Amino acid sequence: MANRWLRPEVYPLFAAVGVVVGICGMQLIRNICFNPEVRVNKENRAAGVLDNFSEGEKYAEHFVRRYVRNKAPEIMPSINSFFTDPK
């Protein structure tokens, strides 16, 4: 019975599902811990709506967004330039 799920053909599926679950978990933890609009404890919830623009901008301008901002939107630039640049 156990060999039915642990075949070598299923390993890539397990890896893909594991990566997706990891990404979802990371996003959930990021939103709960660092999102300025999420308030977990009772004192912060009682504060109401706050005008914390600097904290919201810090949350929105994270490392990945700052890194990708000045990059060209290409997945494989060398292959794209090989097929598009005339020689």
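**A guided tour of the predicted model**

The structure holds 0 disulfides. The coordinates to be toured here are those of a predicted model.

**The cysteines**

Select cysteine 24 to begin. Its relative accessible area is 44%, so cysteine 24 ranks as partly exposed. Move next to cysteine 33, which has a relative accessibility of 51% and is therefore classed as exposed, the cut-off for that class being over 50%.

**The whole chain**

Now display the chain as a cartoon. It contains 5 helices and 0 strands, and the order of elements along the sequence reads α-α-α-α-α. Switch to a surface representation: about 8,300 Å² is exposed by the chain, and 65% of that area is supplied by carbon and sulfur atoms. Of the 87 residues, 6% count as buried.

**Arginine 30 and its surroundings**

Select arginine 30, in helix H1, which spans residues 11-34. What is the nearest side chain of opposite charge to arginine 30? That side chain is glutamate 61, at 9.5 Å; arginine 30 is buried and has no salt bridge. The distance explains the missing pairing, because a salt bridge requires the side-chain nitrogen to lie within 4 Å of a carboxyl oxygen. Show the contacts of arginine 30 next: leaving aside residues up to four places away in sequence, arginine 30 touches Asn35, Tyr59 and His62.

Proceed to asparagine 35, in the loop that runs between H1 and helix H2 (42-46). With a relative accessible area of 17%, asparagine 35 is buried, since the limit for that class is under 20%. When residues up to four places away in sequence are again left out, asparagine 35 touches Arg30 and Tyr59. Tyr59 therefore deserves to be displayed with both residues, as it appears among the contacts of arginine 30 and among those of asparagine 35.

**The salt bridge**

How many salt bridges does the structure hold? The count is 1. To find it, select arginine 69 and glutamate 61: these two residues form a salt bridge in which the closest N and O atoms are 2.4 Å apart. Arginine 69 is partly exposed, at 48% relative accessibility. Glutamate 61 is likewise classed as partly exposed, at 25% relative accessibility. Glutamate 61 is also the residue named above as the nearest oppositely charged side chain to arginine 30.

**The nonpolar patch**

For the last stop, select Ile75, Met76, Ile79, Phe82 and Phe83. Together these residues make a nonpolar surface patch of about 630 Å². Centre the view on isoleucine 75, placed in the loop between helix H4 (63-68) and helix H5 (77-84). Is isoleucine 75 buried or exposed? Its relative accessible area is 80%, so isoleucine 75 is exposed.

Conventions: Residues numbered from 1 in each chain as written. Predicted model: local features only at pLDDT ≥ 70, side-chain atom pairs only at ≥ 80, totals over all residues. Heavy atoms only, no water. Disulfide = S-S within 2.5 Å. Buried < 20%, exposed > 50% of the residue type's maximum accessible area, 1.4 Å probe, protein only. Patch = residues over 30% accessible without salt bridge, like charges linked within 9 Å, V, L, I, M, F, W, Y side chains within 5 Å. Areas by Shrake-Rupley, 256 points an atom, 1.4 Å probe, with all protein chains shown as cover. Helix = DSSP H or I, 4+ residues; strand = E, 2+ residues; numbered from the N terminus. Lys, Arg positive; Asp, Glu negative; His and termini not counted. Contact = heavy atoms within 4.5 Å.
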